[in-house]
Amino acid sequence: MKKTFKTLVFVIVGLLALASCEDVPAPYNLPDKSSESGGSTIAITCSQAVELAKALADGATSSETYTITGYITEVVGNVSRNQQTFWMADTKNGGKVFEAYWANLPEGVTAFTAGTKVKITGKLMKFVNNSGSVIPEMKNAVVTILEDDGGGTTPVEEGTQVTCAQAVQLTNDLPDSGTSTETYTVTGYITQILGAVSTKTGTPQQSFWMSDDKGGENQFR
């Protein structure tokens, strides 16, 4: 009987608490909590990110971490220190909605490309430029490539097509420490990776040996 009475009391208190609350509509759909990083990030769209950023004080940064999914619509400037700035939107042709300012390039990606679907994670910021315009942005975001329709890499200059064996012969004909005046494109199979990825030049780089045969010996580096 005592347990039944206590249960009834809790039910009545709960109903009274609900009756006292006002039903205030949200200005936009409330974002869902993401399961990433132990549920510490909030998954939102680009349009939601704009509203949340604009609600901050000028120059302020959000206390919470957000994950925004959308499409790169415009790349701004060149890569510097393995970072690059881009604008993104909820759709491929959505224009300049939210800015990823000096976002970090994922491993293996040499530059961001318009049309690529990405997910960025970091703090929101309300930046106000000298003209007084408000720019909703995320600085130094961690970027994940979801759909690489835009290519995801910088254009590579095509040269004279040669095999690994031909490349070896052409290299042997050069003077010691000499470099060819022509550009070549060597096609083959990677046979051995040499060392870890280095970003000293600002672009991720790695050395490897290659061969004309999949199971062949190291021919050209």
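In this predicted model, Tyr-101 is partly exposed, because its relative accessibility is 32%. Trp-102 also counts as partly exposed, because its relative accessibility is 28%. Both values fall between the 20% and 50% limits that separate buried from exposed residues.

The structure contains two aromatic pairs. One is formed by Phe-86 and Phe-112. The geometry of this pair is edge-to-face, with 65° between the planes and 4.8 Å from centre to centre. The contact between Phe-86 and Phe-112 links distant parts of the chain. Phe-86 lies in strand 4 (residues 83–89). Phe-112 sits in the loop between strand 5 (98–104) and strand 6 (117–128). The two residues are 26 residues apart. Phe-86 and Phe-112 are both buried. Tyr-101 and Trp-102 form an aromatic pair as well. Their rings are also edge-to-face, at 6.2 Å centre to centre and 70° between the planes.

Phe-86 also features in the largest nonpolar core, which holds 24 residues. Seven names stand out there: Ile-44, Ile-68, Phe-86, Met-88, Phe-98, Ile-120 and Leu-124 touch the most other members. Several elements each supply at least two residues of this core. They are strand 2 (41–44), helix 2 (46–54), strand 3 (61–80), strand 4, strand 5 and strand 6. Helix 2 gives the most, with four residues.

Terms used: Residues are numbered from 1 along each chain as its sequence is written. This is a predicted model: local features need pLDDT of at least 70, side-chain atom pairs count only at pLDDT 80 or more; totals for chains, interfaces and linings use all residues. Side-chain values use heavy atoms; hydrogens and water are left out. Rings of Phe, Tyr and Trp (its six-membered ring) pair if their centres lie within 6.5 Å; planes under 30 degrees apart count as stacked, over 60 as edge-to-face and the rest as tilted. Buried means under 20% relative accessible area, exposed over 50%, partly exposed in between (1.4 Å probe, protein chains only). A nonpolar core is a set of buried Ala, Val, Leu, Ile, Met, Phe, Trp, Tyr and Cys residues joined through side-chain atoms within 4.5 Å.
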